[in-house]
Structure formats: C-alpha cells, structure tokens
Amino acid sequence: MKLASLPQGRDGRLIVVSADLAWYADADHIVPTLQGALDDWDRHQPALAALSTELEHEAIPRKRFHEREAAAPLPRAFQWADGSAYVNHVELVRQARGAELPASFWTDPLMYQGGSDDMRGARDPITLADEAWGCDMEAEIVVVTGDVPQGVSREDALKHVRLVGLVNDVSLRNLIPGELSKGFGFVQSKPACHFSPVFVTPDALGDAWADGKLSHPLMVDLNEEPFGRAEAGEEMTFDFGTLIAHLAKTRRVGAGSIIGSGTVSNRDPDGSPGRPVGGGGRGYSCIAEQRMIETIASGEAKTPFLRWGDTVRIEMRDGDGHSIFGAIDHQVVKP
C-alpha cells in the first residue's frame with residue numbers, strides 16, 4: 001500500500017496511491033490525515049488496504065496522481081530523529097573536518113533530533129540564503145513508526161514500522177563545525193528536510209525489505225548527471241530495528257515518528273572509500289563524501305557544494321525499473 005498527502009490545511013489530506021504511482025483515490029472519508037491513520041493504525045489500516053485493492057482493480061473512482069502536486073506525506077511530524085547507520089559515511093565526513101572516529105561509533109548508533117514542524121514536499125525548492133553555508137544533499141531511507149514502548153528490543157522494534165520512504169536531509173556543511181563545537185548539536189546547520197511523494201508499507205516492498213533494511217540502489221542525480229548509485233542494503237551497520245530501539249531506550253516513541261538511516265554510503269569492493277559514478281564506482285549520496293575522496297586523492301576538494309540553480313533528484317526503483325516512492329526532484333533557490 002502506498003500513501004501520500006495532498007496539500008490541505010497544516011497536515012494535508014490523505015490519499016491512497018496506486019502501485020505504479022499513476023492514480024490515486026481519496027482516503028479522507030476513512031481518516032482525514034496520515035497522522036490520524038498512524039494514531040489508530042490497527043483500526044484504519046484494514047480499510048485503507050481495502051481501498052488500495054479497489055484502486056488497483058479500478059473498482060472505485062480514481063484520479064491521476066501527479067508527484068509534483070503532493071505535499072510531504074507528513075507535512076509536520078511529532079518527531080524527526082536521524083541516525084547514521086552507514087558508518088563509512090560518518091568516517092569520511094569526520095575525516096573531512098579533521099575529527100577522529102571513536103571506536104564506539106561501530107557499536108552504538110549516532111542519532112540527532114531535527115526540526116519536524118516544517119517537513120517539505122519532493123518538489124519544494126531547497127531554500128538557501130547564503131551559498132557560503134556549504135549546502136549539501138543527503139539521500140537517505142526513512143521509516144515511520146507507530147507507538148513504540150520504552151525499552152523495546154531490536155526485533156520487536158521492527159514490528160512497529162508502519163511506512164518506508166526517502167528523504168533529502170539537507171545539510172549546511174560549513175555551519176556544522178561551529179555548532180558542534182558548542183557541544184549541543186545541530187540547529188541552524190540542519191534546515192528543512194524534503195520527503196518522497198509517497199510512503200510505502202513494508203509488505204509492499206517484497207523481499208527488498210528484510211531484517212530492517214531496504215535493498216535497492218538509491219539513485220542520486222546532480223544537475224541531471226548520475227552522482228550516486230549506492231546500494232542501500234549493503235554496509236548498513238545499524239538496521240532500522242536497532243535505530244528504533246536506540247531511540248526508545250529511555251522513553252516511549254509516539255506514532256508518526258520519522259527515523260532516518262543517515263546518508264547511504266558504500267565502499268568499493270576492495271575496501272577503498274569508493275569511486276565516483278563517472279569512474280566506474282557507485283558514487284555518493286552527498287557531496288561531502290566526494291569532496292573527501294578528492295582531498296585524499298589530490299590534497300584538495302574540487303566539487304563545490306550546492307549553488308543557486310543546481311538541481312537534485314533522489315529516487316529508488318524496483319527490480320523492474322519502476323519508481324517505488326516517486327522522486328524527490330528539486331532546485332536550490334534563494335528564499
């Protein structure tokens with residue numbers, strides 16, 4: 001089942017989208033918003049699933065679905081917590097700013113809480129006031145949870161995953177060191193995130209969703225050129241069950257919480273940091289990684305961070321080449 005929200009009020013209007021992303025049916029007669037569905041999932045899920053089946057069989061009125069018209073599936077969420085499940089990415093980015101990687105990073109997940117009051121849609125522009133801030137995309141997988149009890153185990157945590165999607169977790173790289181040096185974490189360096197047009201129930205992902213990981217290449221294009229093709233299921237040090245359990249260790253997690261994987265990242269088969277797509281590698285899901293590779297190779301970073309007018313596209317396709325979540329496809333603009 002694929003769910004999305006059309007713009008309406010603060011929290012959008014819930015719709016069910018066909019598997020091929022071509023059609024939708026209004027679902028607000030069942031429950032007005034996606035947050036409302038998540039609040040009482042056991043009650044609403046069967047009716048939404050039935051509506052989805054009727055849509056696939058053309059048994060109900062349907063309308064054309066246009067990704068550009070969709071809001072973020074959750075235009076505002078009760079919680080946005082982003083992990084760093086791909087430690088290869090963390091290692092490279094910390095190396096870029098001269099920070100060592102503690103050994104504990106391989107055994108205990110990193111996670112921060114970001115702003116969740118302004119979740120932006122897949123076609124909304126990235127608003128950047130100053131190019132000197134070092135704007136970067138970060139292509140990630142996300143899950144949305146139901147209510148999660150405090151102290152949940154990794155295995156039981158996966159039972160509370162309701163939906164899966166994509167996010168561009170925009171970062172302002174040149175603001176990060178100053179903020180982290182204060183000891184209180186990200187604020188200004190983490191502006192609004194942008195989410196895929198639809199979120200998908202885990203059962204609809206088939207064998208690609210297993211053990212809390214999603215196994216498909218994450219396609220990232222920069223200015224219409226291939227930039228990243230990292231395999232999301234490989235080298236994910238911490239699966240989503242581990243990330244959710246980490247968040248819930250000392251508190252309950254409310255329905256509608258969005259948890260990110262961190263930037264998807266692969267090494268080369270020989271263990272080296274990875275090569276650009278143009279060099280025969282899988283590329284990168286953020287610019288900071290490519291800059292780090294350039295620094296290792298030549299002593300300086302050559303690829304600039306995002307500038308006004310640049311475009312970013314993030315998408316994942318299934319084994320038959322069909323888009324799963326729709327595409328995040330937007331441009332960097334002045335506010």
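A residue counts as buried when its relative accessible area is under 20%, and as exposed when that area is over 50%. The exercises below concern a predicted model.

**Exercise 1.** Determine whether helix H6 is mostly covered or mostly uncovered, and list its buried residues.

Solution.
- Step 1. H6 runs over residues 240–247, which gives 8 residues to classify.
- Step 2. Apply the cut-off of under 20% relative accessible area. The residues that pass are Phe 240, Gly 241, Leu 243, Ile 244, Ala 245 and Leu 247.
- Step 3. With 6 of its 8 residues buried, H6 is mostly covered.

**Exercise 2.** Find the side-chain contact at the start of H6.

Solution.
- Step 1. Take Asp 239 and look at its side-chain oxygens.
- Step 2. One of these oxygens comes to within 2.7 Å of the backbone nitrogen of Gly 241.
- Step 3. A polar contact requires N or O atoms within 3.5 Å. Gly 241, on the nitrogen side of the pair, is itself one of the buried residues of H6.

**Exercise 3.** Characterise Glu 58 and Asp 211 by phi, place and accessibility.

Solution.
- Step 1. Most residues other than glycine have a negative phi.
- Step 2. Glu 58 has a positive phi, near 55 degrees. For Asp 211 the phi is also positive and near 55 degrees.
- Step 3. Glu 58 lies in the loop between helix H2 (41–56) and strand S4 (63–64). Asp 211 lies in the loop between strand S14 (209–210) and strand S15 (213–214).
- Step 4. The relative accessible area of Glu 58 is 54%, so this residue is exposed. Asp 211 is exposed because its relative accessibility is 59%.

**Exercise 4.** Decide how compact the chain is, starting from its helices and strands.

Solution.
- Step 1. Count the elements: there are 7 helices and 20 strands.
- Step 2. The globule rule gives 20 Å for 335 residues, and the radius of gyration is 19 Å, close to that value, so the chain is as compact as a globular protein of that length.
- Step 3. Add the extent of the C-alpha trace, which is about 60 × 45 × 40 Å along the principal axes.
- Step 4. Add the burial: 53% of the 335 residues are buried.
- Step 5. Add the contacts: of those with a separation of 6 or more, 72% join residues 24 or more positions apart.

**Exercise 5.** Describe the surface and the charges of the chain.

Solution.
- Step 1. The exposed area is about 14400 Å², and carbon and sulfur atoms supply 48% of it.
- Step 2. The chain carries 33 positive and 49 negative charges.
- Step 3. The mean positions of these two sets are 3 Å apart.

Notes:
Residues numbered from 1 in each chain as written. Predicted model: local features only at pLDDT ≥ 70, side-chain atom pairs only at ≥ 80, totals over all residues. Heavy atoms only, no water. Helix = DSSP H or I, 4+ residues; strand = E, 2+ residues; numbered from the N terminus. Rg over C-alpha atoms; globule rule 2.2 N^0.38 Å. Buried < 20%, exposed > 50% of the residue type's maximum accessible area, 1.4 Å probe, protein only. Contact = heavy atoms within 4.5 Å. Areas by Shrake-Rupley, 256 points an atom, 1.4 Å probe, with all protein chains shown as cover. Lys, Arg positive; Asp, Glu negative; His and termini not counted. Charge placed at Lys NZ, Arg CZ, Asp CG, Glu CD. Polar contact = N/O pair within 3.5 Å; in protein donor to acceptor, adjacent residues only side chain to side chain.
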